[in-house]
Amino acid sequence: MGMERQGKGKADPAAFSIAEAGFGDRTDIDDDGRERRTGTLVTASAHIITAVIGSGVLSLAWAIAQLGWVIGPAVLVAFSVITWFCSSLLADCYRSPDPVHGKRNYTYGQAVRANLGVGKYRLCSLAQYINLVGVTIGYTITTAISMGAIGRSNCFHRKGHDALCEASNTTNMIIFAAIQILLSQLPNFHKIWWLSIVAAVMSLAYSTIGLGLSIARIVGGVHAKTTLTGVTVGVDVSASEKIWRTFQSLGDIAFAYSYSNVLIEIQDTLRSSPAENTVMKKASLIGVSTTTTFYMLCGVLGYAAFGSSAPGNFLTGFGFYEPFWLVDVGNVCIVVHLVGAYQVFCQPIYQFVETWARSRWPDAAFIHTERVVPLPAILGGGEFPISPFRLVWRTAYVILTAVVAMLFPFFNDFLGLIGAVSFWPLTVYFPVEMYMAQAKVRRFSPTWTWMNVLSVACLVVSVLAAAGSVQGLIKDVAGYKPFKVS
């Protein structure tokens with residue numbers, strides 16, 4: 001996910017010597033000595049769509065409800081345009097110093113280091129790892145809520161919509177953590193490539209189910225209260241709540257558009273001709289346009305279906321009761337998606353800590369020892385490597401994220417905070433700075449001025465969104481008893 005990974009950040013030196021030795025015309029080798037890439041505009045667009053569409057879509061109806069018919073769609077479009085523009089800048093940084101013929105950067109971090117130096121690279125890495133940790137905590141919260149929603153949906157179906165149906169988020173988080181502890185023992189991300197594919201299919205499935213249920217509710221004749229300016233002060237919320245919710249909704253929308261972390265990796269799958277940056281810019285336009293259309297449908301139709309009372313998560317807030325089985329399927333898809341997505345986001349953290357530990361204590365048997373255990377035939381046979389350090393460290397990380405999630409199990413607030421903290425540095429600041437460094441944009445020139453205005457404006461938006469989300473967390477924590485049935 002845009003991190004530096006052992007063994008991946010640099011091409012094989014032997015491969016470079018092959019190319020330099022006169023084998024540059026080999027059809028199975030790219031200019032960097034690696035296996036020839038075969039990605040196209042279609043595959044890159046598909047990767048972007050599946051990377052962007054995720055659990056962020058679940059909160060868009062609530063976000064639009066806070067902003068209203070005018071500002072809500074306008075903010076969605078604004079975030080999409082900014083995301084597309086900055087993605088186009090980032091596409092030019094895949095190679096450096098020249099965007100077409102320069103040396104390849106295989107990760108987001110490498111691109112930052114090549115264009116901005118080691119200091120900015122360290123800041124970028126810090127922002128990325130904070131984002132990754134936050135996402136794993138957020139996914140633990142979301143999964144537990146969806147697991148509970150399945151049981152509550154069945155309870156409402158059996159006992160009626162007014163029945164007192166509760167579910168324990170704490171219990172569900174423990175179950176989720178146990179699953180993640182097992183999956184985390186896989187040595188590296190390449191062993192779980194199939195989880196990423198399943199996760200992508202599931203995210204499209206539950207988003208489509210939510211969209212379909214919203215349409216069915218509207219067609220069914222439900223007349224929800226909607227306004228041009230969103231929730232009404234003095235009726236739905238107080239004046240201060242209106243302000244804080246508006247800020248928080250910006251964070252929720254920002255979270256829905258976060259994919260800059262993986263853009264360089266997606267670009268690294270493209271064939272060399274036509275130029276990767278040209279194809280990636282087109283793919284970003286297609287991917288972001290498609291995603292924005294889908295988000296607009298989910299957010300706008302969700303608001304039309306629920307009005308000012310739109311739930312924070314439109315598949316678990318029980319705006320929908322029937323057909324209960326379809327609500328269950330949607331939540332099962334969320335659970336399956338986030339089981340896989342958790343691993344996608346935590347593997348770079350695992351690799352970073354384990355690489356650092358191996359270099360810090362090169363003679364420690366506990367860190368370097370790895371035993372191979374034969375797998376039974378029922379599990380496919382073969383061998384499975386077990387490392388004591390990996391077992392202890394990864395288990396501790398999963399438990400820690402689960403405990404934090406139990407202390408702050410608030411879906412909208414946490415997603416808004418993650419979106420706010422990661423949007424400005426990773427989506428805007430570093431792409432803008434890398435582009436200006438690579439293109440040698442003169443200070444105080446028109447281009448330099450308006451790009452810095454864009455960056456500062458997005459920083460202000462991120463700070464306001466973070467403030468709104470933190471205020472929401474503080475308010476929710478005040479009346480919350482952790483480790484209780486919710």
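# Contacts, pairs and burial in a predicted model

Q: Which residues does S260 contact, leaving aside its neighbours within four places in sequence?
A: S260 is in contact with L90, Y108, L426 and T427, where contact means heavy atoms within 4.5 Å. This is a predicted model, in which local features need pLDDT of at least 70, side-chain atom pairs count only at pLDDT 80 or more, and totals for chains, interfaces and linings use all residues. Residues are numbered from 1 along each chain as its sequence is written, and side-chain values use heavy atoms, with hydrogens and water left out.

Q: Why is S260 called buried?
A: The relative accessible area of S260 is 5%. Buried means under 20%, exposed over 50% and partly exposed in between (1.4 Å probe, protein chains only), so S260 counts as buried.

Q: What makes the side chains of S260 and T427 a polar contact?
A: The distance for this pair is 3.4 Å. A polar contact is a pair of N or O atoms within 3.5 Å; within protein, one must be able to donate a hydrogen and the other to accept it, and residues adjacent in sequence count only if both atoms are side-chain atoms. S260 and T427 therefore qualify. S260 itself lies in helix α9; its C-alpha atom is separated by 9.7 Å from that of S422, 162 residues apart along the chain.

Q: How do you know that R95 is buried?
A: R95 has a relative accessible area of 4%, which is under the limit for burial, so the label applies. R95 is found in strand β1 (residues 95-96). Helices (H or I, at least four residues) and strands (E, at least two) are DSSP runs, numbered from the N terminus.

Q: Which backbone oxygens lie within reach of a polar atom of the R95 side chain?
A: The backbone oxygen of V100 lies 3.3 Å from such an atom, and that of G102 lies 2.8 Å from one. Beyond four places in sequence, R95 touches residues including D31, S272, E276 and Q438.

Q: What covers the buried residues of α4?
A: The cover includes α3 (60-91), β1, β2 (103-104), α5 (118-159), α9 (260-267) and α14 (411-438). In α4 (residues 108-116), the buried residues are Y108, G109, Q110, A111, V112 and N115.

Q: How many aromatic pairs does the structure hold?
A: There are 16.

Q: Why is the pair of F176 and Y342 called edge-to-face?
A: The ring centres are 5.5 Å apart and the planes stand at 85°. Rings of Phe, Tyr and Trp (its six-membered ring) pair if their centres lie within 6.5 Å; planes under 30 degrees apart count as stacked, over 60 as edge-to-face and the rest as tilted. F176 and Y342 therefore form an edge-to-face pair. The pair links distant parts of the chain, with F176 in helix α6 (residues 169-183) and Y342 in helix α11 (residues 324-360), 166 residues apart. F176 is buried at 2% relative accessibility, and Y342 is buried at 1%.

Q: What makes Y350 and Y397 an edge-to-face pair?
A: Their centres are 5.8 Å apart and their planes are at 90°, so both values meet the rule for such a pair. Y350 in helix α11 and Y397 in helix α13 are 47 residues apart. Both residues are buried, and ring pairs join them with W393 into a cluster.

Q: What makes K281 and D92 a salt bridge?
A: Their side chains meet at 3.0 Å, N to O. A salt bridge is a side-chain nitrogen of Lys or Arg within 4 Å of a carboxyl oxygen of Asp or Glu, so this pair fits. K281 lies in helix α10 (residues 276-306) and D92 in the loop between α3 and β1, 189 residues apart.

Q: Are K281 and D92 buried or partly exposed?
A: K281 is partly exposed at 29%, whereas D92 is buried at 9%.

Q: How do you know that R394 forms a salt bridge with E354?
A: The closest N and O atoms are 2.7 Å apart, so the distance satisfies the salt-bridge rule. R394 lies in helix α13 and E354 in helix α11, so the pair ties together parts that are 40 residues apart in sequence. R394 is buried at 0% relative accessibility, and E354 is buried at 4%. Elsewhere, salt bridges that share partners join R95, R104 and E276 into one network.
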